[in-house]
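Visitor: I would like to learn how to read a protein structure feature by feature. Could we start with the cysteines and then go on to the empty spaces and the backbone?

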Amino acid sequence: GEIAIRQRRLREGSPRRMCVPAEQEKIVGVVPAEKASCAPVRPAGAEKLLWRLHGAEYDFEPFVKSHPGGEIAIRLGQGIDATLLFASYHAVGKGRAWATLECFRVGAKLPEPPAPSPFRDDVEKMLESHFNSAEPRRVSKASASHIALMALFGVLQLVGWVAWARGELLGLLLLPVFHWLFAVNVSHDATHFACSKSPLLNSLLSYTSLPYFYSPVTWYAQHVVMHHTHANEVNSDPDLQHFQPMKIHTLDTRVHKNETHTLLDYVKLLGTGLHLSLQIPVAASGVTTASYAKWYKEMYVPAVFIPPGLAAIRDFRMLSLLGPAAFVFALFYPYWAVQGTFLYRSAFAFIPPTACSAIFAVITQVSHVQPEAQTHALAIEPDFLKRQALTSVDYCADSRLWGVLTGGLNVQSLHHLVPCVHSSHYAALYPQFRVICDRHGVKLAERRGLLHAARTALSHVWRLNHSKRMQLMKELL
């Protein structure tokens, strides 16, 4: 319908007629993704938010309901420079998505042609060959065997929830383990639109992260928009803020408001769920005090926001508070319903979220908090996809077991290149991916296993934060 009409007009040489009226051509409220914040996303009187890609401006509003990835996926790029976000999920410079862009361009400025990348081209060929499709991103969803396994994990998670709700000790064991396995294999892939071809199903499945891991509406901004387009960039990647004021990046020379840190900062890995499910959504929603919002923005840089395209819609603003509500309910439920002493009830209130936070922090962070993934040469690498592959350290890359245990996060170099490919395919793709990296001089960093990766990550953090202090103590002694 709409796309066919616009494409016909484009062939007839009348691109102006397919665009929005001239008075609407000026882009409104667009800011770079790394500089976006919790501030209002549109100036007073603005009629709409546009999209910016490769320097050109687009109005995809007529296309939102027809977007194959769904409304959420396309609105993540609304109101910001979405060039890198587009490159993460589409074949750049070719394919149906690239051809569709011109149908919705507004204004006279043409898009800047993307820089040639033989590495990117070979990755595209790998996907086309593996999935035997000219559009591999549309067919690379969860495999049938993976769906069956997730059904099993879902049942075991439900058993854990029931046992937890009844105050049975079995719940303290089952709940954290299977809440993690189900969330990382379902919600994480769903927020990358990789679980299913159905956008609605992906949206619904994203909420399986609740209550202990993250709130999906703000997770889209933190993880999909900011982290995946600016991985390990000091001023732009919010994942580097989890343990502030402790430094976890080689090039981080910023002076934090609370510059003094102690060994207790390591305990913060037990509170990442609190941070992602409660602190961030409350601050981003705006339903908080001015002093809390000010503290949050000063404490956590860059501040995470509700994506402008979602913040403009009331339903998404309301959904952003579902995470905090679920987290608070799960925290106080044991004191109301579980029988036993105060300490016994407290165990059911705090053990599941702290265990989930520890699992989440270790598995998500050990791949990026590594010396090889934080070099100056990497920071200035011009090829976006090469930079994505080099910002991670992988382990047990060929193991399907570890792929399930980590939801594919054991091979984040591949995940960052093709986030819309479901993690159940990573183990099969990795040998081909390794060959392509060798061919293009992309030196993948690998570890023997999770414990090895955790040890080198911890050593790296210790050197960044405590080596100078220990040296000074030795000199004083």
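Guide: Let us begin with disulfides, since a disulfide is a covalent bond between the sulfur atoms of two cysteines. Here a search of the whole structure finds zero disulfides, where a disulfide is a pair of cysteine sulfur atoms within 2.5 Å. Please keep in mind that this is a predicted model, in which local features need pLDDT of at least 70, side-chain atom pairs count only at pLDDT 80 or more, and totals for chains, interfaces and linings use all residues. Residues are numbered from 1 along each chain as its sequence is written, and side-chain values use heavy atoms, with hydrogens and water left out.

Visitor: Is C356 buried or exposed?

Guide: Buried means under 20% relative accessible area, exposed means over 50%, and partly exposed lies in between, with a 1.4 Å probe and protein chains only. C356 is buried, because its relative accessible area is 0%, and C195 is buried as well, at 12%. In the chain, buried residues make up 55% of the 477 residues.

Visitor: How many helices and strands does the chain have?

Guide: Helices (H or I, at least four residues) and strands (E, at least two) are DSSP runs, numbered from the N terminus. The chain has 21 helices and five strands.

Visitor: How should I read the empty spaces, and what volume does the largest pocket have?

Guide: Rolling a probe the size of a water molecule over the atoms shows where empty space is left. On a 1 Å grid over the protein atoms alone, a cavity is a set of points where a 1.4 Å probe fits but cannot get out, whereas a pocket is an open set with protein on both sides within 12 Å along at least five of seven lines; lining residues have an atom within 4 Å of a point. Grid points are joined across faces, edges and corners, and a volume is the space filled by probe spheres set on the points. The largest pocket has a volume of about 950 Å³, and among its 39 lining residues H67, P68, Y89, H90 and A97 lie nearest its centre. The helix α4 gives the most to this lining, with five residues.

Visitor: Which classes of residue line the largest pocket?

Guide: Ala, Val, Leu, Ile, Met, Phe, Trp, Tyr, Cys and Pro count as nonpolar, Asp, Glu, Lys and Arg as charged, and the others, Gly among them, as polar. The lining of the largest pocket has 21 nonpolar, nine polar and nine charged residues.

Visitor: How many cavities of 30 Å³ or more are there?

Guide: The search finds two cavities of 30 Å³ or more. The largest cavity holds about 160 Å³ of space, and of its 19 lining residues H188, W219, F360, T364 and L409 lie nearest its centre. Its lining has nine nonpolar, nine polar and one charged residues. The second largest cavity has a volume of about 40 Å³, and its lining has four nonpolar, five polar and no charged residues.

Visitor: Where in the backbone are the cis peptide bonds at P211 and P302?

Guide: Most residues other than glycine have a negative phi, and most peptide bonds are trans. A cis peptide bond joins L210 and P211, with omega about 10°, and P211 is found in the loop between α8 and α9. The bond from V301 to P302 is also cis, with omega near 0°, and P302 lies in the loop between α11 and α12.

Visitor: What phi does N232 have?

Guide: N232 has a positive phi of about 60° although it is not a glycine, and N232 lies in the loop between α9 and α10. C396 also has a positive phi, near 45°, and its place is in the loop between β4 and α18.
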